[in-house]
Amino acid sequence: MKKFFITTPLYYVNAAPHIGHAYTTIAADILARHRRQKGEQVHFLTGTDEHGSKIELVAQEAGVTPQAWADRIAAEFADLWKHLDIQYDDFIRTTQPRHSERVQQVFAHLLEKGVVYKGMYQGYYCVSDETYWTETEAPPDEKGRRLCPNPDCRKELKVTEEESYFFKLSAYQEPLLQHYRDNPKFLQPAHRAKEIVNFVGEGLRDLAVSRTKVSWGIPLLSDPGHVVYVWFDALLNYLTATGYRPPGMAEGPSDYAALWPADVHLVGKEIYRFHTVIWPAMLMALGVPLPQSVFAHGWWTVEGAKMSKSKGNFIDPREITREYGVDVLRYFLFREMPFGNDGDFSQQSLKKRYNAELANDLGNLVSRVTNMVDQYLGGALPGKPPLDRVSLVKELREETAGIEEAMERLAFQDALNRIFAVVGRLNLHVDQNKPWALVKTDPEAVKWLLFDLVCSLRMVAGWLTPFMPVTSAKIHSMLGVRRVAEPLTPEEVLAGPSGDRIAKGPPLFPRKTP
Ligand code: ME8
């Protein structure tokens with residue numbers, strides 16, 4: 001069976017990870033957990049991009065070798081993913097031989113095939129963005145300087161004239177346009193497609209894919225004075241991680257057939273072009289099928305500016321989790337802004353949502369229901385109910401389709417909005433039915449009312465599992481669900497209690513002073 005193969009970008013190791021990196025990686029984790037919940041085989045790949053002048057420079061400043069520096073920062077990424085409950089299946093580093101050797105072989109193959117050729121590069125290079133720019137793309141400003149056209153970078157460009165190998169990107173203009181036309185799901189979300197189609201439509205230049213003035217990179221087998229351009233190197237990770245071998249290489253053990261093509265590459269919008277133009281053209285050149293989709297999300301900004309390592313205006317995910325816990329961060333990032341749009345990270349909004357949505361709505365619902373079962377039913381659920389006495393859980397079952405559909409579209413905010421609308425309905429149901437009054441007049445009705453609420457909450461916790469795995473497991477365990485490691489389907493919830501001891505506990509989300 002082909003696995004659902006999902007990837008994050010390979011993050012640069014120039015500095016420690018921040019909320020932006022956590023955002024993409026948590027998104028991939030949410031999707032991976034959701035797919036696993038549905039019983040699919042998932043393969044989730046992440047890793048680090050370790051070559052290039054940018055890394056070489058920071059290592060030099062720190063007085064260590066680039067490899068020692070990369071080792072340190074790659075470990076920080078891996079530690080953070082562990083801390084954030086990220087269940088990835090593979091972590092690839094571009095300095096690993098399983099990657100670098102394959103990159104050399106792929107390069108040699110493309111050279112032999114004639115889609116890579118030797119020439120002379122004259123133009124401008126941005127070290128910070130590791131991007132080539134032409135004279136027309138980066139015209140001189142009023143002081144005669146040429147600045148990086150990326151509005152978020154604006155660093156001065158380096159004049160570069162060097163012998164270089166070129167990838168015949170220009171030859172792929174038509175094939176790319178054809179691919180976009182034939183595969184409307186390739187460019188995601190749809191509102192980003194137009195920009196790419198227009199960009200490619202204007203024509204593509206061949207791309208310089210080797211450097212002679214950089215030493216920290218993968219040397220070409222046939223010409224070791226050149227190292228592979230860092231983007232050409234890094235993009236190939238999605239393929240090398242599967243064990244892919246270029247044509248002509250000896251067969252060997254590989255997961256390529258079980259994994260490729262990738263189902264979704266998740267990326268930030270600033271690297272969308274690399275993934276939707278250069279990368280698919282590279283795959284075409286290799287004769288390898290293209291990924292099903294590339295999905296670009298937006299940026300977290302701080303007071304309007306993109307968070308970035310070089311600007312130093314970034315939010316440290318550990319600072320947030322120290323104060324709120326991991327699940328709250330996972331929740332907030334995806335409830336606050338639609339996946340695909342930009343948004344400003346605000347501590348105020350975080351606290352507000354925490355108090356209103358988590359402490360008041362969800363936390364309070366769980367504690368009301370478990371306390372009432374404790375108080376009115378002695379902490380035990382009755383056996384299987386007469387079906388006409390449990391209306392709520394049956395109604396809620398209908399919500400699953402909408403939530404699923406939102407998850408398929410990676411509309412995480414939409415999914416959470418739907419889940420929390422249900423939380424609201426459950427609280428309202430308690431308020432309207434007043435079990436505390438009803439218990440005095442009709443204890444039988446209270447029994448089934450609470451049964452219905454417990455089953456509904458079990459379902460809510462199931463939906464929330466990909467977003468808040470620890471909280472959901474806690475709720476399931478309070479609600480007597482024994483198989484906490486696995487998700488509950490609505491059918492399982494309805495089939496009756498899988499364990500009938502209901503335990504109250506301390507508040508899931510203690511209120512914070514506003
Ligand atoms: O670009 N908001 O690595 P990188 C949202 N090595 N997401 C953000 C973000 C922000 N403010 N800041 C970073 C690279 N990200 C290359 C990729 S892939 C073969 C090579 C996330 O360390 C987002 O996913 O600069 C973005 O695309 C990625 O981190 C950039 O990480």
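Good morning. I begin with Asp85, which sits in the loop that links α3 (66–83) to β3 (90–93). Please keep in mind that what we are viewing is a predicted model.

What is the phi of Asp85? The angle is near 65°, a positive value in a residue other than glycine. For background, most residues other than glycine have a negative phi, and most peptide bonds are trans. As for its surroundings, Asp85 has a relative accessibility of 25%; the range for partly exposed runs between 20% and 50%, and therefore Asp85 is counted as partly exposed.

A second residue deserves attention on the matter of phi. Leu410 lies in the loop between α15 (399–408) and α16 (412–433). Its phi is near 60°, again a positive value in a residue other than glycine. Is Leu410 buried or exposed? Leu410 is buried, because its relative accessible area is 7% and the cut-off for buried is under 20%.

I turn now to the peptide bonds. Which bond leading into Pro189 should we inspect? The peptide bond from Gln188 to Pro189 is cis, and its omega is near -15°. Pro189 itself belongs to the loop between β7 (187–188) and α6 (193–201).

Further along the chain, the peptide bond from Trp260 to Pro261 is also cis, with omega near 0°. Where is Pro261 found? Pro261 is in the loop that runs between α9 (256–259) and β11 (264–268).

To close, I would ask you to locate these places on the structure: Asp85 and Leu410 for their positive phi values, and the bonds into Pro189 and Pro261 for their cis form. Thank you.

Notes. Residues numbered from 1 in each chain as written. Predicted model: local features only at pLDDT ≥ 70, side-chain atom pairs only at ≥ 80, totals over all residues. Heavy atoms only, no water. Helix = DSSP H or I, 4+ residues; strand = E, 2+ residues; numbered from the N terminus. Buried < 20%, exposed > 50% of the residue type's maximum accessible area, 1.4 Å probe, protein only.
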